[in-house]
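The following exercises introduce a protein chain to a reader who has not met it before. Each task is followed by a solution in steps.

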Amino acid sequence: MEKTTFDNGMINGNVNQGTVSWEKAGNTLFLQGTLDRDSLLPLWQQKEHILEGIDNIDVSQLSRVDSTGLALFIQLKGECQKRGTPLTFSGIGERLSTLITLYGLQALLDDNQSKV
């Protein structure tokens with residue numbers, strides 16, 4: 001199992017505000033912490049390596065996702081679709097679901113209903 005934690009680009013042992021970490025288990029990428037404009041750069045920079053063999057991203061352990069985090073999800077899903085590989089999101093909570101609805105991006109959830 002691969003686990004990485006970043007705090008605004010610096011390795012950090014604790015997940016706290018301003019930090020996003022990820023762990024790969026099988027075909028699922030588990031994200032935890034905060035995914036916002038201040039914390040997403042390390043994830044973006046390593047996306048090719050991180051998403052290798054991944055077809056599901058579990059977001060249930062994210063305490064906060066802002067609009068830039070949501071934009072990252074949309075971009076990742078679009079890139080996977082262009083390659084013909086499926087990407088679903090599981091563990092979408094009420095706050096993220098509300099953000100998705102506010103931006104009119106319910107299609108992001110359409111193929112995730114069985115995993116939510």
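**Exercise 1.** Does Gly 33 count as buried or exposed?

*Solution.* The model is a predicted one. Begin by placing the residue: Gly 33 is found in strand 4. Next, take its relative accessibility, which is 6%. Buried means under 20% relative accessible area, so Gly 33 counts as buried. As a last step, consider a residue further along the chain. Val 59 is 26 residues apart from Gly 33, and their C-alpha atoms are separated by 9.5 Å.

**Exercise 2.** Determine the order of the helices and strands in the protein chain.

*Solution.* First count the elements: the protein chain has 5 helices and 6 strands. Then read them from the N terminus on, which gives β-β-β-β-α-α-β-α-β-α-α. Two overall values complete the description. Of the 116 residues, 44% count as buried. Among contacts between residues at least 6 apart in sequence, 61% join residues at least 24 apart.

**Exercise 3.** Describe how strand 3 and strand 4 are arranged.

*Solution.* Start with the pairing: the two strands run in the antiparallel sense and are joined over 6 bridges. One of the partnerships links Lys 24 with Leu 29 of strand 4. Turn next to the hairpin that the strands form, which has 2 residues between them; there Gly 26 takes a positive phi near 65°. Finally, examine the surroundings of strand 3 (residues 19–25). Because 5 of its 7 residues are buried, strand 3 is largely enclosed by the rest of the structure.

**Exercise 4.** Characterise the position and the contacts of Asp 36.

*Solution.* Asp 36 lies in the loop that connects strand 4 (28–35) to helix 1 (41–45). Its relative accessible area is 9%, so Asp 36 is buried. The side chain of Asp 36 reaches the backbone nitrogen of Asp 38 at 3.0 Å. When residues up to four places away in sequence are not counted, Asp 36 touches Arg 64, Asp 66 and Thr 68.

**Exercise 5.** Which side chain makes a polar contact with the side chain of Ser 90?

*Solution.* Locate Ser 90 in strand 6 (residues 88–90). With 5% relative accessibility, Ser 90 counts as buried. The partner is the side chain of Asn 56, at 3.0 Å.

**Exercise 6.** Analyse the lining of the largest pocket.

*Solution.* The volume of the largest pocket is about 220 Å³. Its lining includes Val 59, Arg 64, Asp 66, Glu 94 and Leu 99. Sorted by class, the lining has 5 nonpolar, 3 polar and 4 charged residues. Strand 5 (56–65) and helix 4 (94–102) each supply at least two residues, and strand 5 gives the most, with 5 residues.

**Exercise 7.** How many cavities of 30 Å³ or more does the structure hold?

*Solution.* The structure holds 1 such cavity. The volume of the largest cavity is about 50 Å³. Strand 4, helix 2 (47–50) and helix 3 (67–83) are the elements that give two or more residues to the lining of the largest cavity. Helix 3 provides the largest share, 3 residues. By class, the lining of the largest cavity divides into 9 nonpolar, no polar and 1 charged. Among the lining residues are Leu 29, Lys 47, Ile 57 and Phe 73. Leu 29 has already appeared in Exercise 3, as the bridge partner of Lys 24.

How values were computed. Residues numbered from 1 in each chain as written. Predicted model: local features only at pLDDT ≥ 70, side-chain atom pairs only at ≥ 80, totals over all residues. Heavy atoms only, no water. Helix = DSSP H or I, 4+ residues; strand = E, 2+ residues; numbered from the N terminus. Buried < 20%, exposed > 50% of the residue type's maximum accessible area, 1.4 Å probe, protein only. Polar contact = N/O pair within 3.5 Å; in protein donor to acceptor, adjacent residues only side chain to side chain. Contact = heavy atoms within 4.5 Å. 1 Å grid on protein atoms, 1.4 Å probe; cavity = no way out; pocket = protein on both sides within 12 Å on 5 of 7 lines; lining within 4 Å. Points joined across faces, edges and corners; volume = space filled by probe spheres on them. Nonpolar A, V, L, I, M, F, W, Y, C, P; charged D, E, K, R; others polar. Pairing = 2+ DSSP bridges.
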